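Hi,

Here is the structure I said I would pass on. Have a look at it first, and my notes on what turned up follow below.

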Amino acid sequence: MSEGYVIGVDHGYAAMKTVHGSFPSGLVAYEHEPYTQKNVLEYGGTYYVVGSGRQPLQKDKTRTEDYYLLTLAAIARELDCRNAERTCSVILAAGLPLTSFGRDKKKFRAYLLRDGKPVPFRYEGRDYTVTVRDVKLFPQGYAAVLTQTELLDEPSVIVADIGGWTVDLMRLDNRLPNAATCRSLEWGMIRCIDEISEQVRRVLGLSLTTAQIECVLRGDASSLPDEAKGIIHAQADLYVQNLLSTITECGLDTRAMPTIFIGGGAALMKRRVSATNGLCRPVILDDVSLNAKGYERLVRQMSGSGAHA
């Protein structure tokens, strides 16, 4: 009998990430069946549209059922991507910031594991019965960097995991996290987007959506006036410079050692950071699924790869 599918899930404030994709961490409940089955989770007699809007900030993700429901949706989407059985057992691999890892590990594991019994639900009109057989938790950021072995030859590197709400910082010395250097800053991409939106509203009187701002930051075509685009880019540049200054203020010298930028905000850094910023060696890893991939890799290393991919 198979040990189960190993499924890595990165529970972000802004987005849920798995090896094969991501979706916004939004959740809207409906008492009755919505008009479409797209992104709809049915659990416990209630319908939830997944990926709609933005979740209110939950520093304690176990406080409500929201992240458990988002986890069920993530598992269903990942099983579908793998053409896997929809009645199966799962080893869930997830993470926590290193700053709160010891404090929150037991509670978050119990939150995801529940009683280890089969959980029936429907996603996009398909029936699933998933048994979360075990939950393995790892430090965020560190798990992602471990997928890039060629970057770990340096004696010391800085890791900056730029998420939706937080930027998690750590220094690795000889491949191991230095706990004294770990910081979790409320300086993530949600703050960047909100400050851009406020500045555009203040200067031009326009109320932009997050989707519009992200489109401009990616460099995609947009019908926004040039004045709005200019403000968006100027504010993004200011955010990057403030973030680099904040990292330095935390005692991590980006001029003295390589800095690895990962997470959802890494793409923004890719367009705006170079050695000309005074950085020793910026390394941009803009694959948003790196944490989830790292979690799965670590589980397989621990188990001798007895579980399904």
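**Salt bridges**

R272 and D237 form a salt bridge, with 2.7 Å between their closest N and O atoms. Keep in mind throughout that this is a predicted model. The bridge connects distant parts of the chain, since R272 belongs to helix α7 (residues 266-272) and D237 to helix α6, 35 residues apart. The two partners fall into separate burial classes: R272 has 14% relative accessibility and so counts as buried, while D237, at 38%, counts as partly exposed.

That bridge is one of 24 salt bridges in the structure. Another one joins the side chains of D134 and R109, at 2.7 Å from N to O. D134 sits in strand β10 (residues 126-139) and R109 in helix α2, so this pair ties together parts that are 25 residues apart in sequence. Is D134 buried or exposed? Its relative accessibility is 16%, under the 20% cut-off, so D134 counts as buried. R109 comes out at 32% and therefore counts as partly exposed.

Then there is D127 with R122, whose closest N and O atoms are 2.8 Å apart. Here D127 counts as partly exposed at 49% relative accessibility, and R122 is partly exposed too, with a relative accessible area of 27%. R122 comes back further down, in the strands.

If you like networks, try E78, R82, E296 and R300: salt bridges link these four residues.

**Aromatic rings**

Which rings pair up, and how many pairs are there? Searching the whole structure gives 6 aromatic pairs. One of them is Y68 with Y111: the ring centres are 6.3 Å apart and the planes are at 80°, so this pair is edge-to-face. It bridges distant parts of the chain, with Y68 in helix α1 (residues 66-81) and Y111 in helix α2 (residues 101-113), 43 residues apart. Y68 and Y111 are both buried.

W187 and Y239 make a stacked pair, 6.5 Å centre to centre with 15° between the planes. This pair also links distant parts of the chain: W187 is in the loop between β13 (176-185) and α4 (189-204), and Y239 is in helix α6 (residues 226-249), 52 residues apart. W187 has a relative accessibility of 16%, so W187 counts as buried. Y239 is at 3% and therefore counts as buried as well. Helix α6 should sound familiar, as D237 from the salt bridge with R272 is in that helix.

Y68 and Y111 also belong to a cluster: ring pairs link Y43, Y68, F108 and Y111.

Two positive charges sit over rings as well. The charged end of K61 is over the ring of Y13, 4.4 Å from the ring centre. R86 lies over the face of Y128, and there the distance to the ring centre is 5.8 Å.

**Strands**

Strand β6 (residues 40-43) has two partners worth looking at. With strand β7 (residues 46-50), β6 pairs in the antiparallel sense over 4 bridges, and L41 stands opposite Y48 in β7. The hairpin made by β6 and β7 has 2 residues between the strands, and G44 there takes a positive phi near 60°.

What does β6 do with strand β9 (residues 119-123)? Those two strands also pair in the antiparallel sense, this time over 2 bridges. In this pairing E42 stands opposite R122 in β9. That is the R122 whose salt bridge partner is D127.

**Domains**

Finally, the overall layout. The protein divides into domain 1 (3-138) and domain 2 (149-187 + 217-285). How far apart do the C-alpha centres of domain 1 and domain 2 lie? The separation is 28 Å. As for where the two meet, 7 residues of domain 1 are in contact with 10 residues of domain 2.

If you only have time for a quick look, I would pull up R272 with D237, then the stacked W187 and Y239, and then the cluster of Y43, Y68, F108 and Y111.

Cheers

Conventions: Residues numbered from 1 in each chain as written. Predicted model: local features only at pLDDT ≥ 70, side-chain atom pairs only at ≥ 80, totals over all residues. Heavy atoms only, no water. Phe/Tyr/Trp six-rings, centres within 6.5 Å; stacked < 30°, edge-to-face > 60°. Buried < 20%, exposed > 50% of the residue type's maximum accessible area, 1.4 Å probe, protein only. Lys NZ or Arg CZ within 6 Å of the ring centre and 35° of its normal. Pairing = 2+ DSSP bridges. Domains from an automatic or database assignment. Contact = heavy atoms within 4.5 Å.
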